[in-house]
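Student: Please take a close look with me at one part of this structure, the surroundings of the ligand, and then work outwards from there.

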Amino acid sequence: MRKIIIDTDPGQDDALALMTAFGARDQLCVLGVTCVAGNVPLELTSVNALKICELSGFFDVPVFKGSPAPLKRKLITAEHVHGKTGLDGTELSVERKEIEITSAIDFIIECSERYKDDKITICALGPLTNIAKVLRENPRVTESIEEIVLMGGGFFEGGNITPAAEFNIYVDPEAAKIVLESGVKITMLPLDVTHKTLVQRDFLEKLRKSGKNSAIEAAKLLDFFERYDMEKYGSKGGPLHDPNVIVYLLNPAIYSGKLVNVEIEVNSELTRGMTVVDWWSVTNRKPNTYYINDVKYDEFFEIVLNKVLNLET
Ligand code: BDR
Ligand code: CA
């Protein structure tokens, strides 16, 4: 069982990533869900995380609040994509759970001490503010982190919040820089791959036809989510960005990429948050990231479907 912490800003695609991880309970042990401000403010992302835990029947997974704002900049949110609540498309309730008093940052540091020997993996699905704070405040955690697998960046595909930048990196580029320079093993799932995992009708139909509450709610979330990309870019469906992080852990063999150097632009206003990928090794900069650029589409959706349908709720 791989021990993971999911750092997230739900978001409909974050919700599907959480559900996929919970459905993979024989392979992944979710130690906790740590929340960050991103798609919507922190007050909403943390309540949304609770809602998804409950929807998935995972009442005991602790949920923590982290950073309400990026390290140095004003928070930028994405209600234009995710709706006002971040989980528009459903009206999920949250009854039994409370957010932990410990901060997300302290929780990650505590876990890194507790699981020093078997190590933890951090799945980062939002801006990297919490993770950067952990690394900055306690550099020794790098010894206990097996890998950081993150959704963020884009190179061949360009950006989705500016022409040059992907949303998660754009929101907190200084944090992304700290993470990429930490020396921890990094695997990056950028837009170059997530734009290949567009939700299609038959996937939504299978979720609905299962008759299971969690799967039906997942389909409602995705129905709302995909309208943005379909209207704006004319794409065939919404890109299931964040579940790629979880599916990568479950079956890395369906992905391909390259170990390369990635640097983050933090100075230019025009290209703020751009992930500058040295794909062709044209510099002498040291490789620091396993940069994924392809995935087997059918296998990806089969895994997400199987895991979501494996939930008991
Ligand atoms: C990323 O930004 C958010 O809107 C999504 O949840 C995903 O993590 C895609 O750019
Ligand atoms: Ca996200």
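**The ligand site and beyond**

Tutor: Let's begin with the residues around ligand 1, which are Asp13, Asp14, Asn39, His82, Leu125, Met151, Asn160, Glu166, Phe167, Asn168, His241 and Asp242; a residue counts as near a molecule or strand if one of its heavy atoms lies within 4 Å of it. This is a predicted model, in which local features need pLDDT of at least 70 and side-chain atom pairs count only at pLDDT 80 or more, while totals for chains, interfaces and linings use all residues. Residues are numbered from 1 along each chain as its sequence is written, chains are lettered from A and ligands numbered from 1 in the order in which they are written, and side-chain values use heavy atoms, with hydrogens and water left out.

Several of these neighbours meet the ligand through polar atoms. A polar contact is a pair of N or O atoms within 3.5 Å; within protein, one must be able to donate a hydrogen and the other to accept it, and residues adjacent in sequence count only if both atoms are side-chain atoms. An N or O atom in the side chain of Asp13 sits 2.7 Å from an oxygen atom of ligand 1, and a polar side-chain atom of Asp242 is likewise 2.7 Å from an oxygen atom of the ligand. Leu125 takes part through its backbone, where a polar atom is 3.0 Å from a ligand oxygen. On its own, ligand 1 would expose 280 Å², and the protein buries 96% of that; accessible areas come from the Shrake-Rupley method with a 1.4 Å probe, and for residues only the protein chains shown count as cover.

Glu166, one of the residues around the ligand, deserves a closer look. Its place is in the loop between strand S5 (145-151) and helix H6 (167-171); helices (H or I, at least four residues) and strands (E, at least two) are DSSP runs, numbered from the N terminus. Glu166 is buried but has no salt bridge, and the nearest side chain of opposite charge, Arg272, is 11 Å away. Here buried means under 20% relative accessible area, exposed over 50%, and partly exposed in between (1.4 Å probe, protein chains only). A salt bridge is a side-chain nitrogen of Lys or Arg within 4 Å of a carboxyl oxygen of Asp or Glu, and for charge, Lys and Arg count as positive and Asp and Glu as negative, with His and the chain ends not counted.

What does the side chain of Glu166 have a polar atom 3.2 Å from? The partner is the backbone nitrogen of Ile169. Leaving out residues up to four places away in sequence, Glu166 touches Met151, Gly152, Gly153, Gly154, Gly159, Asn160, Ile161 and Leu191, where contact means heavy atoms within 4.5 Å. Met151 and Asn160 are also among the residues around ligand 1.

Further along the chain comes helix H7 (residues 173-180), which is mostly covered, with 6 of its 8 residues buried. Those buried residues are Pro173, Glu174, Ala175, Ala176, Val179 and Leu180. They pack against several elements, including S5, H6, helix H5 (129-137) and strand S10 (289-295).

Strand S5 also brings us to the charged pairs. The structure holds 17 salt bridges, and in one of them Glu147 pairs with Arg2, the closest N and O atoms being 2.7 Å apart. This pair links distant parts of the chain, since Glu147 is in strand S5 and Arg2 in strand S1 (residues 2-8), 145 residues apart. Glu147 counts as buried at 4% relative accessibility, whereas Arg2 is partly exposed at 22%.

Another salt bridge joins Arg201 and Glu226, with 2.4 Å between the closest N and O atoms. Arg201 lies in helix H9 (residues 201-209) and Glu226 in helix H10 (residues 213-233), so the pair ties together parts that are 25 residues apart in sequence. Arg201 counts as partly exposed at 46% relative accessibility, and Glu226 is buried at 5%. Salt bridges with shared partners also join Arg2, Glu146, Glu147 and Lys185 into one network.

Finally, look at the backbone in the loop between S1 and H1, the place of Gly11. A cis peptide bond joins Pro10 and Gly11, with omega about -5 degrees. Most residues other than glycine have a negative phi, and most peptide bonds are trans.
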